[in-house]
Structure formats: structure tokens, C-alpha cells
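Colleague: Please take one part of this model and go through it closely, saying how far each statement can be trusted and what each term stands for.

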Amino acid sequence: NSPVSRVATAYLSTSVSFGLLLTAVQSLSVLGQLSVQWVSPWSDIMEVLTLFAFDVELFQVECVVETSPMRRYLMRILIPSVTVMVFVCFYVASKAVCPMLNRPVWEWPKTVNSMGQVWQALYITLALVALLPFQCYGHPNGQSSLTKFPEIICGSDGHDGLLALGVVATLVYGVGFFAAFLGGEIVA
């Protein structure tokens, strides 16, 4: 991070603009999660925006490998953790490779800052994904199913496992992420 300056560089302006664009796209992807029959071209736009909601079903993995709702949800909630591991791997690789190439190595505070920026940009989607196991809809017979995984009956054994993952994801991504940012602000 550079010292505070009144002059916005092209890089800073571009990264801020990209962050705002990503937030706007994520907000629109939340609209795509509503059970509304969108007409074309909005239905096409909403389908593309599901990518920004970590909807792994967009890639139709089920055609290659049989997946359960638990595995599909687990893949969705692990995507953000994988981004952290990628940043850590790049940091470690920079320590080994960059000196040989006479390039600057990654600094840990800047690496953590970059991870935080990515997570901040993805916060809306992270919160939405974490809450998926809590979103049920009713059937005429009195039972209810999960909105995203209609084959799971709410209150069943399969739902209990998803609820446990949902609680952990909400605590880690929703509450934990917010608390980490708040703690960083207090320390700064």
C-alpha cells in the first residue's frame, strides 16, 4: 500500500471501478435468486449472473460426476477458501521464484490486504450462499423443500447436514468476515 495521496493513479481508479462493477453485478445476481419468471433478455442476463453467485450447477458437473446437494453446497462454500489458498500459494511462490528473476517478492501485509479486498468484493455473494440451507418453500401437502435443492425436504436428515454447514458458513463468512474487518478498522 502506498502512502495516502490526493492523486488517484490509473491503477487505483481501475481497481475501484472494478470493485464497484462487481458489487453491482452481485446485487443483480441476488435478484436472479428470486422466484420470478424473467422474460428475455432479462432471463438470459440473470442466467449469466448466476456465475457470480458461485452457482456451480451452471457448469453442469452432474453430467460427468454424480453429485449430491451436500457436495454441491460444499463446493459453493469452499470457493472463497480456495481463493485464500491461492493467494497464500502465490505468496510462498513469490518468495522462491521472484529473487531468481530479480523481481520484488510479495509482502505479507499486502497479500492479506489483497485477500481482504477480494473477500469484500464477494461479500454479498458469500452471505447469499451461506444462507441457502435456510431458504425453504412450502408444498400443498404441508412439507417444504429447500429453494436451491428442491429434492431436500426441510427438517429431514439431509437438511440437517446442510443446516450445520450453513451455520458454519454464516459464522465464518458472514459474522467472522464482518468482525475481522471491524477489528481491522479498530486497530487501524
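Modeller: I would start with helix α4, in which Thr 111, Met 115, Gly 116, Trp 119 and Ala 121 are buried (under 20% relative accessible area with a 1.4 Å probe and protein chains only, exposed being over 50% and partly exposed in between). The model is predicted, and local features are given at pLDDT of at least 70 and side-chain atom pairs at 80 or more, while totals for chains, interfaces and linings use all residues. Residues are numbered from 1 along each chain as its sequence is written, and side-chain values use heavy atoms, without hydrogens and water. The mean pLDDT of the protein is 79, with 81% of its residues reaching 70 or more (pLDDT being the predictor's confidence in each residue, from 0 to 100). Among the elements, strand β2 (residues 144-146) has the highest mean value, 90, and helix α1 (residues 10-32) the lowest, 72. Where pLDDT is low, the predicted coordinates should not be read in detail.

The helix itself has 14 residues, and the distance from its first C-alpha to its last is 20 Å, close to the 20 Å expected at 1.5 Å a residue (that is, 1.5 Å times one less than the number of residues). Helices (H or I, at least four residues) and strands (E, at least two) are DSSP runs, numbered from the N terminus.

Trp 119, one of the buried residues of α4, is also among the contacts of Tyr 173, which, leaving aside neighbours within four places in sequence, touches Ile 77, Leu 78, Pro 80, Ser 81, Trp 119, Tyr 123 and Leu 126 (heavy atoms within 4.5 Å). Tyr 173 in turn is listed with Tyr 73, Ile 77, Leu 146, Phe 149, Leu 162 and Ala 169 as having the most contacts inside the largest nonpolar core, a set of 18 residues (buried Ala, Val, Leu, Ile, Met, Phe, Trp, Tyr and Cys joined through side-chain atoms within 4.5 Å). Helix α4 is one of the elements that give two or more residues to this core, the others being α3, α5 (123-130) and α6 (157-187), and α6 provides the largest share, four residues.

The loop between α3 and α4 deserves the same attention. Asn 102 is found there, with a phi near 55°, a positive value in a residue other than glycine, and its relative accessible area of 71% means that it is exposed.

The whole structure has three aromatic pairs (Phe, Tyr and Trp rings, the last by its six-membered ring, with centres within 6.5 Å; planes under 30 degrees apart are stacked, over 60 edge-to-face and the rest tilted). The pair of Phe 87 and Trp 106 is tilted, because the ring centres lie 6.4 Å apart and the planes make an angle of 50°. It joins distant parts of the chain, since Phe 87 belongs to helix α3 (residues 69-97) and Trp 106 to the loop between α3 and α4 (108-121), 19 residues away. Phe 87 is buried at 17% relative accessible area, whereas Trp 106, at 32%, is partly exposed. Trp 106 also pairs with Phe 90, in an edge-to-face arrangement with 5.8 Å between the centres and 65° between the planes. This second pair likewise links distant parts, Phe 90 in α3 and Trp 106 in the loop being 16 residues apart, and Phe 90 is partly exposed at 47%. Phe 87, Phe 90 and Trp 106 thus form one aromatic cluster.
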